[in-house]
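Trainee: Please take one buried position in this chain and walk me through it closely. Then set it against the rest of the fold and the charged pairs.

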Amino acid sequence: MQVETTRLYRVKAVADMLDVSQATIYRAVESGKLRAVRMGEGAGAVRVSGQAINEYVEACTIRPVITAEVA
């Protein structure tokens with residue numbers, strides 16, 4: 001996935017990139033898991049930076065669990 005870190009993306013573009021619904025992106029923003037900015041007054045338009053997308057994907061990455069063997 002190619003993301004320009006300095007660019008601001010629309011929610012739909014982020015959802016398409018990550019192959020999830022727009023509702024999933026809005027929930028991630030509302031929960032604070034995905035940083036976003038609101039442009040304009042009132043409800044405004046939500047935009048997500050490329051850097052925030054990379055950080056979100058990294059935070060969502062599943063890492064293998066290594067357990068110590070008991071002798």
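**A close look at Arg 47**

Mentor: Start with the order of elements. From the N terminus, the chain runs β-α-α-β-β-α. That gives three helices and three strands. Keep in mind that this is a predicted model.

Now Arg 47. Arg 47 sits in strand S3, which spans residues 45-49. Arg 47 is buried, yet has no salt bridge. The nearest side chain of opposite charge belongs to Asp 16, and that is 13 Å away. A salt bridge here needs a side-chain nitrogen within 4 Å of a carboxyl oxygen, so Arg 47 is left without one.

What does Arg 47 touch, leaving out residues up to four places away in sequence? The list is Leu 8, Tyr 9, Arg 10, Ala 36, Val 37 and Met 39. Strand S1 covers residues 8-10, and strand S2 covers 37-39. Leu 8, Tyr 9 and Arg 10 in the list belong to S1. Val 37 and Met 39 belong to S2. So much for the surroundings of Arg 47.

Next, Asp 16, the distant partner. Asp 16 already has a bridge: its side chain meets that of Lys 12 at 3.1 Å, N to O. Both residues lie in helix H1, residues 11-18. Lys 12 and Asp 16 are four residues apart there, which means a separation of about one helical turn. Asp 16 counts as exposed, at 52% relative accessibility. Lys 12 is partly exposed, at 46%.

The chain has four salt bridges in total. One of them joins Glu 30 and Arg 38, with the closest N and O atoms 3.8 Å apart. Glu 30 counts as exposed, at 60% relative accessibility. Arg 38 is partly exposed, with a relative accessible area of 46%. Arg 38 falls within strand S2 (37-39), and Glu 30 within helix H2 (22-31).

Another bridge joins Glu 58 and Arg 63, at 2.2 Å, N to O. Glu 58 is partly exposed, at 45%. Arg 63 is partly exposed too, at 48%. Glu 58 falls in helix H3, residues 50-60.

Step back to the charges as a set. The chain carries 9 positive and 8 negative charges. Their mean positions are 6 Å apart.

Two other buried residues fill in the picture. Leu 34 is in the loop between helix H2 and strand S2. Leu 34 counts as buried, at 2% relative accessibility. Beyond its neighbours within four places in sequence, Leu 34 contacts Ile 25, Ala 28, Val 29, Val 48, Ala 52, Ile 53 and Tyr 56. Among these, Val 48 is in strand S3, the strand of Arg 47. Leu 34 and Cys 60 are 26 residues apart in sequence, with C-alpha atoms 10 Å apart.

Val 3 comes from the segment before strand S1. Val 3 is buried, at 12% relative accessibility. With neighbours within four places set aside, Val 3 contacts Tyr 9, Met 17, Gly 50, Ile 53 and Asn 54. Tyr 9 is also on the contact list of Arg 47, and Ile 53 is on that of Leu 34. Not every distant pair comes together in space. The C-alpha atoms of Val 3 and Ala 43 are 40 residues apart along the chain and separated by 26 Å.

Now the tail. Ala 68 is in the segment after helix H3. Ala 68 is exposed, with a relative accessible area of 69%. Ala 68 and Arg 27 are 41 residues apart in sequence and 36 Å apart, C-alpha to C-alpha.

Finally, the whole chain. Its radius of gyration is 15 Å, against a value near 11 Å for a compact globule of 71 residues. The C-alpha atoms fill a box of roughly 65 × 25 × 20 Å along the principal axes. Of the 71 residues, 24% count as buried. The exposed area is about 5500 Å², and carbon and sulfur atoms supply 52% of it. Among contacts with a separation of 6 or more, 45% link residues 24 or more positions apart.

Back to your position, then. Arg 47 is a buried charge in S3, with Leu 8, Tyr 9 and Val 37 among the residues it touches, and with no salt bridge.

Conventions:
Residues numbered from 1 in each chain as written. Predicted model: local features only at pLDDT ≥ 70, side-chain atom pairs only at ≥ 80, totals over all residues. Heavy atoms only, no water. Buried < 20%, exposed > 50% of the residue type's maximum accessible area, 1.4 Å probe, protein only. Lys, Arg positive; Asp, Glu negative; His and termini not counted. Contact = heavy atoms within 4.5 Å. Rg over C-alpha atoms; globule rule 2.2 N^0.38 Å. Areas by Shrake-Rupley, 256 points an atom, 1.4 Å probe, with all protein chains shown as cover. Charge placed at Lys NZ, Arg CZ, Asp CG, Glu CD.
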